[in-house]
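Q: Please take a close look at the largest pocket in this predicted model. What lines the pocket, and what else does a search for empty space turn up?

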Amino acid sequence: MSAVPLRIDFVSDIACPWCAIGLASLRQALHTLKDELQAEIHLQPFQLDPQLPPEGEDAGERLMRKYGIGEAQLKANRKHIRERAAALGITIQHREGDRAWNTFDAHRLLHWAGLQDADKALELKQSLFHAYFADNHNVSDPAVLLRIVSAVGLDVDAARRVLQGDEYADAVRTREQSYQQAGVHSVPATIVNGKWLISGGQPPTAFEDALRDIAAKATAG
């Protein structure tokens, strides 16, 4: 039996730890199902905090204010996230004074990378997650972004030209708005064949079950 082709649109933000967890889980599930599915992952932008200034904001204070929680609950939530991430080989660190950064330019680079090479775009995405959550590097800083571009083997000069102008800004905003209008208000959102939604940073086994079910429905028509 031939592998079932699936288009997977992974809607996420670099500033979202559950997105890092979700992407790793999804890729692990697809590896397990490699003989059953022929899947293409397309990275789609979503900004949790589009108004963040260039200097960023204290990450802990932002989360406590956004969700109306205290420091004890913040620590418990973060501990759970770190444990889920570690089980997938992802490093997430939380330190005093960590900052939340604006991710718009990073999304522009991801859009550009996706036009060049889908596999390189995925590598760039994972490197951006690592920079944000393991190192707390400022992913709105062009110098940081260009170092990451270089590390994954993409064209640094072309990336610099993207960052120096407003190339792909409209494309990123249009895609963000289209997903919001379609009802996506939290991420990660994994959309299969433009029709089926898998919400949240699910474990690999949950992705496997959902994708098998979707593949069966897609095959049945």
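A: In this predicted model, the largest pocket has a volume of about 610 Å³. Its lining is made up of 30 residues, and those nearest the pocket centre are Ala15, Pro17, Leu63, Tyr67 and Ile81. Two or more lining residues come from each of helix H1 (17-32), helix H2 (59-67), helix H3 (71-86), strand E4 (99-100) and helix H5 (118-133). Sorted by class, the pocket lining holds 16 nonpolar, eight polar and six charged residues.

Enclosed space is a separate matter. Searching the whole structure gives one cavity of 30 Å³ or more. The volume of the largest cavity is about 50 Å³. Its lining consists of Asp13, Ala15, Gln47, Leu48, Asp49, Pro50, Leu52, Arg62, Ala100, Trp101, Thr103 and Tyr132; seven of the lining residues are nonpolar, two polar and three charged. Ala15 thus appears in both places: it lines the cavity and is among the residues nearest the centre of the pocket.

Helix H1, one of the elements lining the pocket, is also a packing partner of helix H9: the buried residues of H9 pack against H1, strand E1 (4-12), strand E2 (37-45), strand E5 (189-192) and strand E6 (196-199). The buried residues of H9 are Pro204, Phe207, Glu208, Leu211, Ile214 and Ala215. They lie on the same side of H9 because they cover an arc of only 140° around the axis. Asp209 and Ala220, on the other side of H9, are exposed. H9 itself (residues 204-220) has 17 residues and reaches 24 Å from its first C-alpha to its last, close to the 24 Å expected at 1.5 Å a residue.

Technical notes
Residues numbered from 1 in each chain as written. Predicted model: local features only at pLDDT ≥ 70, side-chain atom pairs only at ≥ 80, totals over all residues. Heavy atoms only, no water. 1 Å grid on protein atoms, 1.4 Å probe; cavity = no way out; pocket = protein on both sides within 12 Å on 5 of 7 lines; lining within 4 Å. Points joined across faces, edges and corners; volume = space filled by probe spheres on them. Helix = DSSP H or I, 4+ residues; strand = E, 2+ residues; numbered from the N terminus. Nonpolar A, V, L, I, M, F, W, Y, C, P; charged D, E, K, R; others polar. Expected span 1.5 Å × (residues − 1). Buried < 20%, exposed > 50% of the residue type's maximum accessible area, 1.4 Å probe, protein only. Arc of directions from axis to C-beta. Contact = heavy atoms within 4.5 Å.
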